[in-house]
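Reader: I would like to learn how to read a structure feature by feature. Could you take me through this one?

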Amino acid sequence: MILYDYVLSASCYKVRLMAALVGERLDLQAVDFHPGREHKSASFRDLNPAGTLPVLVDGDLLLTESTAMLVYLATKAGGWMGSGAVNAAQVQGWLAFSARLGASLGMARLHDMLHYPVDIAAVRRAGVDCLRELESHLTEARFAGRIFLVGDGPTIADIACFPNVALAPDGGVALDDYPSIRLWMRAIRSLERFIEMPGIHRLHELKPAPEAV
Amino acid sequence: MIPQAVLDEWYPVGMAAQVGPPPGRETMLLGQPITLFRDSAGIRVTGPDGDLAVTVAYGHVWACLGTPAHALFPIPEATQEGRRLVDCGVVRVKCSPLRAVENFLDIAHFPFVHTDILGAEPHTEVARYEVQIREDSDEVWATKVHFYQPQAAKSAEGGIVTEYMYRVPAPTASVLYKTCPARAGEWDVIGIFVQPLTEELCDVWPWMALFDDETPMADLIQFQQMIFLQDRSILENQIPRLLPLDPGMEIPTQADLTSVAYRRWLKRKGLTYGAQMVAA
Amino acid sequence: MGTEWVAVGLSRDLPAGVAMPALWQGRELAVWRSASGKLSAWNDRCPHRGMRLSHGFVRGETLACIYHGWVYGTSGSCIHIPAHPDLVPPATIKAETFLCVEAGGVIWVGAAGATDTPPEFAGYVPLRSVATQADAAALAQASGLEQAAQGLLGSTAAGGVCLILSTSQTKTTIHALAAKEADRVALSRWLDGVVRRAEERVLA
């Protein structure tokens, strides 16, 4: 499986993270998104006319939407999709929500980091609205003794939403006011085989303090 | 008031390859709006009072708002045969430009911030190294810096003890030399050129001159961007944002000798833009 | 009545082994709970290079800074510097500590030398903390609750509620407690509505 990848992209990270969690090996092909804008080049658009990252290629299959890639990786591995009508529908709801996160918090991050021209106040405001909805939902889940977005265990809904939320501070949106979101992120970061991306550091407490060398 | 010594220094303001025809690109330098563009005279940078002194070197455009006190510092390796020169683009950081440079000079954070790449517990010890302010070139130098690294470069396989040298040749630029995995006896060269937009906001332009004919360019760039973005969330969460030059404000140890020399050098030269002199 | 104390969070949001940021009288704090459950509140700044300690990591009875891994014991004293593993850190390296206690599931920080105890809200359990741009007056109006010493008190269709308000220059943080028999989900949604209405007034 080949992933056309940019190391700082939250959407690419969703796919890298999902693959790591289900133990799927990816052949990463770095695309010079910045400063080269290689994803907008004619040769890259021969592969993906939309000129967006990530792109996942597995034999004849070519996917250009990160949520589709999550569905593919999860379905192949089993689990992660939410079981039953209610959970499956809720997973779809959060996948759509993750697009709002990308358009708000994700754009704020691209503005603050890589100079993307956007109405920064507007995207931050929209991002805060998203965080509040998420916080309220996760608070209710915790009342019921749950920590993930849908059902009792992690699903692709969590993986789709996690990156842009965890990276919100990169775009000038602090997470200080969202205790349930912080505990949810902690639960995801504690999953076996979790991998980081720049901006999301290692939970060093998961390992004991080292013995002196 | 910005000290004259600050105005008379060179600062990076953009990648030379990205400068286009008028209207060009608007940016900022030391709080002043400036514009970069290319015309028949070459690359020009204009500010509120007209054209700025300009030098193009190491893939980047350098400008001076005052009267340049000296030529831009040399990086002899930039013209050494066999090296690949890599422009890594820009990353904006909400911190003092001086804090961005100081972080670049620091190795003790590798195991905690660049975990399993530039460092890993339990290999956290920073052995004694040598630091001097070289009077002839007026630069801060740290030499004989050694550190265990799980993956020192994109081309490195497995852990090695890497040797480093660091230099600060300009208030907001630093160049490091590190063990070259591909060619024994040579150094890979990595620079960070920091553009002070304001005292608490900067654009960081990493640049590299490497012996590595194998790794695709996009991988080289992304490796450097990955490392720098791991630092960014630290830099945006240091309090205060300005670099404290008051010795009572922060507590250095022997591992911080480079930073101690850098702060002393800044203070001595009056390069205090982005610094805080007294505890607030 | 404990007027020297300010609520900075709820116990349920700070499990053992976790650090979190908090605001106390305009000061930024790192509040953390050790593996054994001991609670501490410190200035959110590592004395070494100023990094926020609330980004740090808890191992056992210590909090370590994420930047260089400097390890601090519950007294606030630095006990280990990874760059110099054989060095005994000098006693001068110490995080600034604050009085911090829990009462009724609420985490309180007190001024140095506070002699009384934090207020107790018998019959209530912690619900959630929410931050808003709206001030106390707007929240009182939007909620229809009565003013009380530490905030707002009263009953709703979902049951009894107590809103402890901690105000700073930039925001109001509401630490909501629910009457024991109240419907927590309904009350949580009611609180979202109160915040929306109070903020609508601020914007209008």
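Author: Gladly. Let us begin with a single residue: Lys144(B) sits in strand 11 (residues 139-149) of chain B. Its backbone deserves a look, as Lys144(B) is not a glycine and yet has a positive phi of about 55°. Please keep in mind that this is a predicted model.

Reader: Which residue of chain A has a positive phi near 75°?

Author: That is Arg193(A), again a residue other than glycine. You will find Arg193(A) in the segment after helix 7 (179-189) of chain A.

Reader: While we are on the backbone, which residues does a cis peptide bond join in chain B?

Author: One such bond links Pro22(B) to Pro23(B), with omega at about 10°. Pro23(B) belongs to the loop between strand 1 (11-15) and strand 2 (25-29) of chain B. A cis peptide bond also connects Ile239(B) with Pro240(B), where omega is about -5°. The loop that holds Pro240(B) runs between helix 4 (217-235) and strand 16 (243-244) of chain B.

Reader: Now to helices. What describes two packed helices?

Author: The angle between the axes and the distance between the axes describe the pair. Take helix 4 (residues 84-114) and helix 5 (residues 120-143) of chain A: their axes come within 9 Å and cross at roughly 140°. Helix 4 and helix 5 of chain A are therefore oblique to each other. The crossing of these two helices is left-handed.

Reader: Which residues of helix 4 of chain A meet helix 5 of chain A?

Author: Among them are Trp94(A), Phe97(A), Leu101(A) and Met107(A) from helix 4 of chain A, while helix 5 of chain A brings residues including Ile120(A), Val123(A), Leu131(A) and Leu134(A). By class, the residues of this contact between helix 4 and helix 5 of chain A are 13 nonpolar, four polar and four charged.

Reader: How do helix 1 and helix 6 of chain A pack?

Author: Helix 1 (residues 10-22) and helix 6 (residues 156-166) of chain A meet at an angle of about 140°, and their axes are 9 Å apart. Helix 1 and helix 6 of chain A are therefore oblique to each other. The handedness of this crossing is right-handed. Tyr13(A), Leu17(A) and Leu21(A) are among the residues that helix 1 of chain A contributes, and Ile159(A), Phe162(A) and Pro163(A) are among those from helix 6 of chain A. The contact of helix 1 with helix 6 of chain A has ten nonpolar residues, one polar and one charged.

Reader: What about helix 2 and helix 5 of chain B?

Author: The axes of helix 2 (residues 97-104) and helix 5 (residues 257-269) of chain B cross at roughly 150° and come within 10 Å. Here the crossing is right-handed. Leu98(B), Arg99(B), Val101(B) and Glu102(B) of helix 2 of chain B touch Ser259(B), Tyr262(B), Arg263(B) and Leu266(B) of helix 5 of chain B. Those residues comprise four nonpolar, one polar and three charged.

Reader: On to sheets. In what order do the six strands of the open sheet in chain C stand?

Author: The order is 1-10-9-4-3-2, with antiparallel pairing. Strand 1 (5-10) and strand 2 (18-24) of chain C are at the edges, each with a single partner strand, so one side of each has no neighbour in the sheet. On average, neighbouring strands of this sheet are turned by 30° against each other, direction ignored. Within chain C, strand 4 (residues 39-43) and strand 9 (residues 97-103) run antiparallel and are joined by two bridges. Ala41(C) has Phe98(C) in strand 9 of chain C as its bridge partner.

Reader: Which order does the open sheet of five strands in chain C have?

Author: Its order is 11-15-14-13-12, and the pairing is antiparallel. Strand 11 and strand 15 (residues 172-179) of chain C pair over eight bridges. One of the bridge pairs matches Tyr124(C) with Ala179(C). Helix 1 (residues 136-143) of chain C lies across the strands of this chain numbered 11, 12, 13, 14 and 15, at about 10° to strand 13 of chain C.

Reader: Finally, how is the size of an interface often given?

Author: The accessible area lost when the parts come together is often used. Chain C and chain B bury about 2,200 Å² between them, with 53% of it on carbon and sulfur atoms. Arg45(C), Arg49(C) and Tyr67(C) lose the most area on the chain C side, together 33% of what that side buries. Between chain B and chain A, the buried area is about 2,200 Å², and carbon and sulfur atoms give 55% of it.

Definitions and conventions:
Residues are numbered from 1 along each chain as its sequence is written. Chains are lettered from A and ligands numbered from 1 in the order in which they are written. This is a predicted model: local features need pLDDT of at least 70, side-chain atom pairs count only at pLDDT 80 or more; totals for chains, interfaces and linings use all residues. Side-chain values use heavy atoms; hydrogens and water are left out. Axes are lines fitted to C-alpha atoms, for helices over the stretch in contact, and angles run from 0 to 180 degrees between N-to-C directions. Helices (H or I, at least four residues) and strands (E, at least two) are DSSP runs, numbered from the N terminus. Angles under 35 degrees count as roughly parallel, over 145 as roughly antiparallel, 65 to 115 as roughly perpendicular and the rest as oblique. A crossing is left-handed if the near helix is turned anticlockwise from the far one by less than a right angle, and right-handed if clockwise. Contact means heavy atoms within 4.5 Å. Ala, Val, Leu, Ile, Met, Phe, Trp, Tyr, Cys and Pro count as nonpolar, Asp, Glu, Lys and Arg as charged, and the others, Gly among them, as polar. Two strands pair if DSSP finds at least two bridges between them. Buried area is the accessible area (1.4 Å probe) that two parts lose on being put together, summed over both.
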